[in-house]
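Please open the model in your viewer with the cartoon displayed and the selection panel at hand. The stops below say what to select next and what is to be found there.

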Amino acid sequence: MRVLVVEDEKKLGQLVQRGLREEGYAADLAEQGEEALWMARAVDYDAIVLDVMLPGLDGFEVCRRLRADGIWSPVLMLTARDAVDDRVMGLDAGADDYLAKPFSFEELLARLRALTRRAPVQRPSVMEVGELRLDPASHRAWRGDTELDLSAKEFSLLELFMRRPGIALSRGQLLDGAWDMAFEARSNVIDVYVRYLREKIDRPFGRDSIETVRGVGYRLRADA
Ligand code: CA
């Protein structure tokens, strides 16, 4: 079992890391959200212990980005207080469970055992929306029998749409999901890439599966 601990309070982070190692877990420690994202993308963790209060990207945002990237390691959120808002936000962001600080190490272990005992996480294999198919593992996509020739960015954008068919996604959500660096967050970058994507997945097939939602963003038709 390999666990990622994300906690900026050095002492607490190291305490949890050491405790987990004594219990036979492999445990890595990240002190910042960005670092945690990088590590979780590189390593297939069995669980992530994620503090909400982090400098820079907070725990909610880290969790949202992980899920948007298709990383489904179970997340146990550490909330600073037993506030309903924090719990709701955590679960909305894609966390699996939460633990309010201060917590006992025994309880942390029990929660981790429960999380890692659950049925193996459903990692989406090949996604299908209407005639569109996308395989995140091999990075290939098709409309019907025709394979689509997509750039890396077009591919991640299509993947975001296919994770939420029929749902209107804002430009902000699409940016967060497909772009890592804030400096790329020019307002029209999404519009440009949606146009590219339409040229590849829709126009040659006489389709119109990515709809513009006025004042919001875009939506992939559920019957693409
Ligand atoms: Ca903290």
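Begin by selecting Pro102, which is found in the loop between strand 5 (97-100) and helix 5 (105-117). Show the backbone here as sticks, and you will find that a cis peptide bond joins Lys101 and Pro102, with omega at about -5 degrees. For background, most peptide bonds are trans. Please keep in mind throughout that this is a predicted model.

**The whole chain**

Zoom out and colour by secondary structure: the chain comes to eight helices and twelve strands. Of its 224 residues, 44% count as buried. If you display contacts with a separation of 6 or more, 57% of them are accounted for by residues 24 or more positions apart.

**The five-stranded sheet**

Next, select strands 1 to 5, which form an open sheet with the order 2-1-3-4-5 and parallel pairing. Strand 2 (26-30) and strand 5 stand at the edges, and each has a single partner strand, so one side of each is left without a neighbour in the sheet. On average, and with direction ignored, neighbouring strands of this sheet are turned by 20 degrees against each other.

Within this sheet, look at strand 3 and strand 4 (residues 75-79), which run parallel and are joined by four bridges. To see one such pair, select Leu50, whose bridge partner in strand 4 is Met77. Then add helix 1, which packs on the sheet and touches strand 1 and strand 2, its direction making about 170 degrees with that of strand 2.

**The calcium ion**

Which residues coordinate the calcium ion? Select the ion and show the side chains around it: the donors are Glu7 (OE), Asp8 (OD), Glu9 (OE) and Asp51 (OD), together with Met53 through its O atom, at 2.1 to 3.2 Å. Along the sequence these donor residues are spaced E-D-E-x41-D-x1-M. Glu7 and Asp51 link distant parts of the chain, for Glu7 lies in the loop between strand 1 (2-6) and helix 1 (10-22), whereas Asp51 belongs to strand 3 (residues 47-51), 44 residues apart. Glu7 is buried, and Asp51 is buried as well.

**Helix 2 against helix 3**

Now select helix 2 (residues 33-42) and helix 3 (residues 59-68), which pack at an angle of about 25 degrees with their axes 10 Å apart. Angles under 35 degrees count as roughly parallel, and helix 2 and helix 3 are therefore described as roughly parallel to each other. Helix 2 passes helix 3 in a right-handed crossing. With side chains shown, you can follow how Gly33, Ala36, Leu37 and Ala40 in helix 2 meet Val62, Arg65 and Leu66 in helix 3.

**The three-stranded sheet**

Move on to strands 10, 11 and 12, which make an open sheet with the order 10-12-11 and antiparallel pairing. Strand 10 (168-170) and strand 11 (210-213) stand at its edges with a single partner strand each, so one side of each has no neighbour in the sheet. From one strand to the next the twist averages 35 degrees.

Strand 11 and strand 12 (residues 217-220) pair in the antiparallel sense over four bridges. Select Ile210 here, and its bridge partner in strand 12 is Leu220. Helix 8 (residues 189-201) packs on the sheet, where it touches strand 11 and strand 12, and its direction makes about 150 degrees with that of strand 11. Helix 6 (residues 152-163) lies across strand 10, strand 11 and strand 12, and runs at about 70 degrees to strand 12.

**Helix 6, helix 8 and Leu197**

How do helix 6 and helix 8 cross? Their axes come within 10 Å and cross at roughly 85 degrees, which means that helix 6 is roughly perpendicular to helix 8. The contact is made by Lys153, Glu154, Leu157, Leu158 and Phe161 of helix 6 with residues of helix 8 that include Tyr193, Val194 and Leu197.

For the last stop, select Leu197, whose place is in helix 8. Is Leu197 buried or exposed? Its relative accessibility is 0%, so Leu197 counts as buried. Leaving aside neighbours within four places in sequence, Leu197 is in contact with Leu150, Glu154, Leu157, Leu158, Phe161, Asp202 and Ile210. To finish, draw a distance from Leu197 to Leu150: the two are 47 residues apart in sequence, and 7.9 Å apart in space from C-alpha to C-alpha.

Methods: Residues numbered from 1 in each chain as written. Predicted model: local features only at pLDDT ≥ 70, side-chain atom pairs only at ≥ 80, totals over all residues. Heavy atoms only, no water. Donors = N, O, S within 2.8 Å, 3.2 Å for Na, K, Ca; no water. Helix = DSSP H or I, 4+ residues; strand = E, 2+ residues; numbered from the N terminus. Buried < 20%, exposed > 50% of the residue type's maximum accessible area, 1.4 Å probe, protein only. Pairing = 2+ DSSP bridges. Axes fitted to C-alpha atoms, helices over the stretch in contact; angles between N-to-C directions. Contact = heavy atoms within 4.5 Å. Parallel < 35°, antiparallel > 145°, perpendicular 65-115°, else oblique. Left-handed = near helix turned anticlockwise from the far one by under 90°.
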